[in-house]
Amino acid sequence: MVVYMWKKSLVFLILIFCGCQNVNIKNSENVSINYPVTGLSVLDNEISSYINRIYGKFTREKDSNSKLNISYKYRDLNDDIINVSLECEIDTGEIFHIIKTYTYNRKKGAFLSIEDLVRDVDELDLEIKRKLLEKYEDINFEYLNSVDMNNYTIDDENITLFFNSNIVRGNEKIVYLDIPLNSLDMMVDIKDNLYFSIKRRNVDLDDKVVALTFDDGPSKYTSGILDILKKQDACATFFVVGSKAYFQGDILRRTLKEGSEIGNHSFSHSKLTGLSKDEFKNEVDKTQGVIKDLTGFTPTLFRPTYGGYTNRLKGYTDLKFVLWDVDSRDWQVKKKDRIIGNVLPYVKSGSIVLFHDNHDYALNAIEDIIISLKDKGYKFVTVSELLELVKMRENS
Ligand code: ZN
C-alpha cells in the first residue's frame with residue numbers, strides 16, 4: 001500500500017492554459033502542486049477536493065524530508081469532452097506515484113467512464129488482464145480480478161490506463177498499459193492534434209500583482225486591447241455584456257485563448273438593483289449561456305452594472321461578485337494622461353483596475369499603464385487568479 005509522509009511551507013505560482021486556468025501552489029523545497037481550473041464547477045470541485053485530500057494527508061503525515069509534487073495534463077478530446085490527469089509524486093525516501101484522471105463532458109455536465117467511450121468493455125477488460133500479465137511478472141492476482149479501468153488518458157494514438165500500484169507485487173511505480181485507439185471501437189470522436197498548455201504564466205506568492213478589467217464590451221475596440229495585452233505579455237478580465245457578446249464569438253474565443261478571462265456583466269446592461277429575482281436571473285443566465293455556447297467556457301465572475309448590487313441579488317447566483325478598487329474613469333476623463341493619472345498612483349498589489357472597452361479612451365492609455373506597472377515590478381493576472389492568490393496567501 002502507498003504510505004504518505006510529508007513536509008512544509010509555501011510559495012505560489014499561477015499559470016494559465018488554453019481552455020483552463022492553472023493554479024500552482026509551490027513550496028520552494030518540498031511541495032509543488034499544479035492543478036487546472038476549468039470554470040466547470042462540478043469538475044473543478046472534484047479536482048480541488050482530491051488535491052485537498054492528498055495535500056491534507058501530506059501535511060498530517062509528512063516528515064522533514066518528504067516531498068509532494070502534483071502536476072497535470074489537460075486535454076480537449078473534442079469540442080465537448082475534457083480529459084484531466086493529475087500525477088502525484090510522493091517522496092518519502094521511496095517515491096510513490098498516484099495517477100488520478102477525470103473525463104468530463106462539458107455539454108452534458110457529466111463525468112464519463114470507459115463504458116461511455118469504448119463499445120466492448122468486456123473485451124477490453126480481458127485484453128487488459130492479458131496485457132498486464134504479459135507486461136508485469138509479479139502480478140497480484142487478488143487485485144487483477146477487480147481491475148479498475150477508469151483512470152485513463154487519451155492521446156492521438158493510445159488510451160493509457162493507469163492502475164493501482166498494488167496490482168504488481170513490490171511495485172511502487174506507475175502501473176499502466178497503452179491500448180492503441182485503432183484497436184478499439186470508440187463511441188466518441190477524438191480530435192487529432194489534441195492540445196493543451198498554450199500559454200502559461202508564473203506568479204510567486206510574494207509578487208506584486210494587479211488585475212486589469214474591461215467592462216461593457218466586446219466592441220470594435222476590444223481586439224486592439226487584446227493586441228496590446230499580447231504585445232506586452234499581459235492579461236485582463238473582460239466583463240462582457242451578453243447582448244453584445246452574442247455577435248462576437250471570435251473575440252471571446254481569442255480572449256480566452258490568449259490567456260485573458262471572461263466574466264459576466266449582465267445581458268442588457270440594465271440597472272440591477274430594482275430587478276425581481278427572475279429578471280435578475282435572466283440577465284445573468286442568458287449571458288452565461290451565450291458565453292458558454294460560443295466558447296465552452298463558463299464564467300465564474302459577475303460584475304454588477306454601475307457597481308450596484310444588494311445582498312438579495314447576490315443570493316440569486318453562484319457567480320462571484322467582483323468590483324474594483326482603482327477606477328480609471330476612462331469614459332469620463334477621456335484623455336490618455338488623465339486616465340493614466342487616475343490609475344498609476346493608486347495601484348497597489350492586489351488591485352483590480354476598472355476600464356471600459358466600448359470606446360477607445362482606455363485603448364489609448366493602457367499600453368503606457370502596463371509598461372509603467374511592469375517597471376514597478378507588477379505582474380498581471382486575471383481576477384480569478386488574483387482571488388485564488390489571495391486565498392493562498394491567507395492560508396499560508
Ligand atoms: Zn458596465
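**Aromatic pairs, a zinc site and a buried helix face**

Tyrosine 104, with a relative accessibility of 4%, counts as buried in this structure, which is a predicted model. The ring of tyrosine 104 pairs with that of phenylalanine 111 in an edge-to-face arrangement, the centres lying 4.9 Å apart and the planes meeting at 65°. Phenylalanine 111, by contrast, is partly exposed, its relative accessible area being 33%. This pair is one of 12 aromatic pairs in the structure.

A tilted arrangement is found for phenylalanine 162 and tyrosine 176, because their ring centres are 6.4 Å apart and their planes stand at 40°. Since phenylalanine 162 belongs to strand β9 (residues 158–163) and tyrosine 176 to strand β10 (residues 175–180), the pair ties together parts that are 14 residues apart in sequence. Phenylalanine 162 counts as buried at 13% relative accessibility, whereas tyrosine 176 counts as partly exposed at 33%. Tyrosine 176 also has a charged partner, for the charged end of lysine 135 sits over the ring of this tyrosine, 3.6 Å from its centre. A further placement of this kind involves lysine 286, which lies over the face of phenylalanine 267 at 4.2 Å from the ring centre. Elsewhere, Phe280, Phe302, Tyr309, Tyr316 and Phe321 form one aromatic cluster.

The zinc ion is coordinated by OD of Asp216 together with NE2 of His265 and NE2 of His269, at 2.0 to 2.1 Å. Along the chain, these donors follow the spacing D-x48-H-x3-H. Aspartate 216 lies in the loop between β11 (208–215) and α5 (222–231), and histidine 269 in the loop between β13 (261–264) and α8 (277–295), so that this pair, 53 residues apart, links distant parts of the chain. Aspartate 216 is buried, with a relative accessible area of 11%, and histidine 269 likewise counts as buried, at 18% relative accessibility.

Helix α1 (residues 41–61) contains 21 residues, which at 1.5 Å a residue should span 30 Å; the C-alpha atoms at its ends are 30 Å apart, and the two values therefore agree. Within α1, the buried residues are Leu43, Asp44, Ile47, Tyr50, Ile51, Ile54, Gly56 and Phe58. The elements that cover the buried residues of α1 include β3 (31–37), β4 (67–76), β5 (81–91), β6 (95–105) and β7 (110–111). In an α-helix there are 3.6 residues a turn, so residues three or four places apart point the same way.

A buried position is also found in helix α3 (residues 121–135), where lysine 129 is placed. Lysine 129 has a relative accessible area of 17% and is buried because this value falls under 20%. When residues up to four places away in sequence are not counted, lysine 129 touches Leu144, Asn145 and Val147. The C-alpha atoms of lysine 129 and isoleucine 139 are 9.9 Å apart in space, with the two residues 10 apart in sequence.

At the level of the whole protein chain, there are 13 helices and 18 strands. Of its 396 residues, 53% count as buried. Among contacts between residues at least 6 apart in sequence, 67% join residues at least 24 apart. The protein chain exposes about 18400 Å², of which carbon and sulfur atoms supply 46%.

Notes:
Residues are numbered from 1 along each chain as its sequence is written. This is a predicted model: local features need pLDDT of at least 70, side-chain atom pairs count only at pLDDT 80 or more; totals for chains, interfaces and linings use all residues. Side-chain values use heavy atoms; hydrogens and water are left out. Helices (H or I, at least four residues) and strands (E, at least two) are DSSP runs, numbered from the N terminus. Buried means under 20% relative accessible area, exposed over 50%, partly exposed in between (1.4 Å probe, protein chains only). Contact means heavy atoms within 4.5 Å. Donors are N, O and S atoms within 2.8 Å of the metal (3.2 Å for Na, K and Ca); water is not among the atoms, so sites may look incomplete. The expected span of a helix is 1.5 Å times one less than its number of residues. Rings of Phe, Tyr and Trp (its six-membered ring) pair if their centres lie within 6.5 Å; planes under 30 degrees apart count as stacked, over 60 as edge-to-face and the rest as tilted. A charge sits over a ring if NZ of Lys or CZ of Arg is within 6 Å of the ring centre and within 35 degrees of the ring normal. Accessible areas come from the Shrake-Rupley method with a 1.4 Å probe; for residues, only the protein chains shown count as cover.
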